[in-house]
There are 2 protein chains.
Amino acid sequence: MSGVSAERWLALADRRLREAGYRSGSARSAVIELMAREGHCVLSAQDIVGRLRQAGVGSAATVYRALETLHELGLVHRVDGRDGVARYEIADPDGHHHHFVDERTGEVWPFEDEELERVIGSVAERLGVRLLAHDVTLRGTAREDTPGAPGATT
Amino acid sequence: MSGVSAERWLALADRRLREAGYRSGSARSAVIELMAREGHCVLSAQDIVGRLRQAGVGSAATVYRALETLHELGLVHRVDGRDGVARYEIADPDGHHHHFVDERTGEVWPFEDEELERVIGSVAERLGVRLLAHDVTLRGTAREDTPGAPGATT
DNA sequence: TCCAGACTGAGACTCAATCTCGGGTAGGCT
DNA sequence: AGCCTACCCGAGATTGAGTCTCAGTCTGGA
């Protein structure tokens with residue numbers, strides 16, 4: 001997600017919060033700014049707590065509260081780790097993606113695939129259910145022999 | 001999974017453990033039996049601990065050790081809960097399935113879809129990664145078409 | 001039978017996440 | 001501007017899943 005889009009997300013977050021009747025506060029604002037800056041890839045709640053503590057704001061409770069609020073407003077997605085750690089990323093309003101987890105390094109890379117979305121839609125139809133959300137998580141290892149492997153960049 | 005198949009899984013587990021050089025022990029056997037009996041749908045680790053404690057065997061440490069061993073041998077799958085709770089189910093040797101979670105009732109339904117598997121395979125190929133596992137979790141509501149049910153998508 | 005090494009279980013420990021509550025602050029009202 | 005109420009914040013206590021440790025027990029081959 002580009003910087004421009006991050007700006008847009010920040011504005012969106014601001015608006016939604018205000019519309020939902022929330023006031024502004026230093027801690028939540030700090031969380032939102034951090035997410036806009038670095039939340040394009042998954043950030044663990046603990047990461048966020050750590051970053052903000054460095055900056056001298058926020059406490060665990062506050063960060064979790066802020067993230068829960070953002071999640072309720074649909075501004076962030078929660079990605080469940082295999083290790084009992086909650087991870088968050090900003091919800092891209094014009095895009096939907098899934099995750100590949102490298103089993104060796106624990107790194108998480110996003111990807112999207114149109115056909116995958118289509119098939120999931122048809123599966124839901126076949127099952128006769130109304131879909132509200134769906135997660136696809138692939139686990140494995142990046143193939144070093146493939147130059148296009150998603151490991152080249154952070 | 002049927003009772004017959006549960007028998008088969010039990011035998012398979014027995015064989016794989018022996019082949020891998022494990023000895024038999026009361027606690028692990030109890031975990032395996034419980035999984036064969038009730039593990040066709042997801043069981044949380046805590047559930048298992050509780051059941052076995054009722055029966056007077058096993059401790060938390062032992063149960064987690066046993067489940068880890070079974071997971072390493074590919075005998076069970078781990079399903080990550082949204083709540084930081086590890087859930088397990090027996091790995092059906094002749095079938096791979098995913099889960100639909102009813103958001104209203106919390107019920108979990110397994111399903112399988114051949115095309116979904118195929119698309120996931122091709123996505124992995126496109127990404128240039130070696131796939132070790134993959135989870136697909138659909139969330140939504142069963143469609144008995146309740147008027148007034150939450151209707152958003154994605 | 002003997003014995004090395006694997007298995008077990010109670011309890012301490014770690015750490016993410018939540019709860020509590022006193023104090024601070026935003027922002028509407030006069 | 002000053003006040004006041006309701007919301008926001010943060011330190012610390014608490015919960016609870018999962019892991020670690022270690023001494024005692026048991027399996028299974030020699």
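Start with the sheet in chain A. Three strands form an open sheet in the order β1-β3-β2, with antiparallel pairing. Strands here are DSSP E runs of at least two residues, helices are H or I runs of at least four, and both are numbered from the N terminus. Two strands count as paired if DSSP finds at least two bridges between them. Select β1 (43-44) and β2 (76-80) of chain A: these are the edge strands, each pairing on one side only. Now add β3 (residues 86-90) of chain A, which pairs with β1(A) in the antiparallel sense over 2 bridges. Pick Leu43(A), and its bridge partner in β3(A) is Tyr88(A).

A word on the model before moving on. It is predicted, so local features need pLDDT of at least 70 and side-chain atom pairs count only at pLDDT 80 or more, while totals for chains, interfaces and linings use all residues. Residues are numbered from 1 along each chain as its sequence is written, and chains are lettered from A and ligands numbered from 1 in the order in which they are written.

Next, colour by chain and look at where B touches A. Here 34 residues of chain B are in contact with 34 residues of chain A; contact requires C-beta atoms, placed from the backbone, within 7 Å. On the chain B side, α5 (114-127) and β6 (129-142) each give two or more residues. Strand β6(B) supplies the largest share, 14 residues. By class, the chain B side divides into 17 nonpolar, 8 polar and 9 charged residues. Ala, Val, Leu, Ile, Met, Phe, Trp, Tyr, Cys and Pro count as nonpolar, Asp, Glu, Lys and Arg as charged, and the others, Gly among them, as polar.

Select β6 (residues 129-142) of chain A together with β6(B). They pair in the antiparallel sense over 13 bridges. One pair to label: Leu131(A) has Gly140(B) as its bridge partner in β6(B).

Stay at the interface and show both α5 helices. The axes of α5(A) (residues 114-127) and α5(B) come within 10 Å and cross at roughly 165°. Axes are lines fitted to C-alpha atoms, for helices over the stretch in contact, with angles from 0 to 180 degrees between N-to-C directions. That makes α5(A) roughly antiparallel to α5(B). Angles under 35 degrees count as roughly parallel, over 145 as roughly antiparallel, 65 to 115 as roughly perpendicular and the rest as oblique. Show Glu115, Leu116, Val119 and Val123 in chains A and B: they make the contact. Its residues divide into 6 nonpolar, no polar and 2 charged.

Now go to α3(B) and α4(B). Their axes come within 10 Å and cross at roughly 125°. The two helices are therefore oblique to each other. Select Ala45(B), Ile48(B), Val49(B) and Leu52(B) on α3(B), then Ala60(B), Val63(B), Tyr64(B) and Leu67(B) on α4(B), to see the contact. It has 8 nonpolar, no polar and no charged residues.

Finish at the DNA. Around strand D are 23 residues, the closest being Gly25(A), Ala27(A), Ser59(A), Ala61(B) and Ala86(B). A residue is near a strand if its C-beta atom, placed from the backbone, lies within 6 Å of it. Elements giving two or more residues here are α2 (26-38) and α4 (60-72) of chain A, plus α3 (45-54) and α4 (60-72) of chain B. Switch to strand C, which 25 residues surround; the closest are Ala61(A), Ala86(A), Gly25(B), Ala27(B) and Ser59(B). Helix α4(B) gives the largest share of that surface, 4 residues.

Definitions and conventions:
Contact = placed C-beta atoms within 7 Å.
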